[in-house]
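This briefing walks through the secondary structure, the helix packing and a few individual residues of one protein chain. Please keep the sequence and the coordinates in view while reading.

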Amino acid sequence: MLGALERGRQGRPLGLHPLKLKGLGAPITIAFDGFLVPYIFASSEADAFFAVGFLHGYYRLWQMDVQRRLAEGKLAEVLAREAVPSDAYMRLIGLHRSAEATTARLRQNAPEAFQALESYAAGVNAAMGQL
């Protein structure tokens, strides 16, 4: 995948990138255009969500980790004392508790939406295994 990004920066055609990863129901293909916009070709919604998660995990993992730490009030673990006031505020408002409660409600009341999120998370985890 990084090769596709580099070729795009050099102005050459990006082409198609078939992926066969554990967790997919069938192989998917990701194509990048000249602006590095990805196009996902999948045979099921679950595989499409997996592919989006894979792309986010592959190209945005650092950003995702920082945002998770921010929501949990744990930025000071990586950014030192300067983040303590932000951490205290985020723990006070409880965004992470709200997210956990929402996830539980989705699992119970909207299983299709919950499964889409599970597929997305599996894609993120697959990308982490590629790094």
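Is Arg69 buried or exposed? In this predicted model, Arg69 is buried, because its relative accessible area is 15% and residues under 20% are counted as buried. The notes below begin with the overall layout, return to Arg69 and its contacts, and then turn to the strands, the helix pairs and two loop residues.

**Overall layout**

- The protein contains six helices and three strands, and read along the sequence these elements follow the pattern α-β-β-β-α-α-α-α-α.
- Of the 131 residues in the protein, 28% are buried.
- When contacts between residues at least 6 apart in sequence are considered, 40% of them join residues at least 24 apart.

**Arg69 and its contacts**

- Arg69 lies in helix α2, which covers residues 45-72, and the side chain of Arg69 forms a polar contact of 3.0 Å with the side chain of Glu77.
- Leaving aside residues up to four places away in sequence, Arg69 touches Lys74, Leu75, Glu77 and Val78, so that Glu77 appears both in this set of contacts and as the polar partner of the buried Arg69.

**The hairpin of β2 and β3**

- Strand β2, residues 28-32, pairs with strand β3, residues 38-41, in the antiparallel sense, and four bridges connect the two.
- Within this pairing, Ile30 stands opposite Ile40 of β3, while Thr29 has Phe41 of β3 as its bridge partner.
- Strand β2 is largely enclosed by the rest of the structure, because four of its five residues are buried.
- In a regular strand, side chains alternate between the two faces of the sheet.
- Five residues lie between the strands of this hairpin, and Leu36 takes a positive phi near 65° there.

**Packing of α2 against α6**

- Helix α2 packs against helix α6, residues 111-130, at an angle of about 50°, with the two axes 6 Å apart; α2 is therefore oblique to α6.
- The crossing of α2 and α6 is right-handed.
- The residues of α2 that meet α6 include Phe49, Phe50, Phe54, Tyr58, Leu61 and Met64, and on the α6 side the residues involved include Ala116, Tyr120, Gly123, Val124, Ala127 and Met128.
- Val124 belongs to helix α6 and counts as buried, because its relative accessibility is 9%, a value under the 20% limit for buried residues.
- Val124 touches Gly53, Phe54, Gly57, Leu61 and Met64 when residues up to four places away in sequence are not counted, and each of these five residues is also listed among the α2 residues that meet α6.
- The C-alpha atoms of Val124 and Val52 are separated by 8.2 Å, although these two residues stand 72 residues apart along the chain.

**Packing of α5 against α6**

- Helix α5, residues 95-109, and α6 have axes that come within 6 Å and cross at roughly 120°, which makes α5 oblique to α6.
- In this contact, Thr103, Leu106, Arg107, Gln108 and Asn109 of α5 meet Pro111, Ala113, Phe114 and Leu117 of α6.

**Two loop residues with positive phi**

- Most residues other than glycine have a negative phi, which is the background for the two entries that follow.
- Leu36, found in the loop between β2 and β3, is a residue other than glycine with a positive phi near 65°, and it is partly exposed, because its relative accessible area is 25%.
- Ala80 sits in the loop between α3 (76-79) and α4 (84-93), and has a positive phi of about 70° although it is not a glycine.
- Ala80 is also partly exposed, because its relative accessible area is 42%, and partly exposed residues fall between the limits of 20% and 50%.

Technical notes:
Residues numbered from 1 in each chain as written. Predicted model: local features only at pLDDT ≥ 70, side-chain atom pairs only at ≥ 80, totals over all residues. Heavy atoms only, no water. Pairing = 2+ DSSP bridges. Buried < 20%, exposed > 50% of the residue type's maximum accessible area, 1.4 Å probe, protein only. Polar contact = N/O pair within 3.5 Å; in protein donor to acceptor, adjacent residues only side chain to side chain. Contact = heavy atoms within 4.5 Å. Axes fitted to C-alpha atoms, helices over the stretch in contact; angles between N-to-C directions. Parallel < 35°, antiparallel > 145°, perpendicular 65-115°, else oblique. Left-handed = near helix turned anticlockwise from the far one by under 90°.
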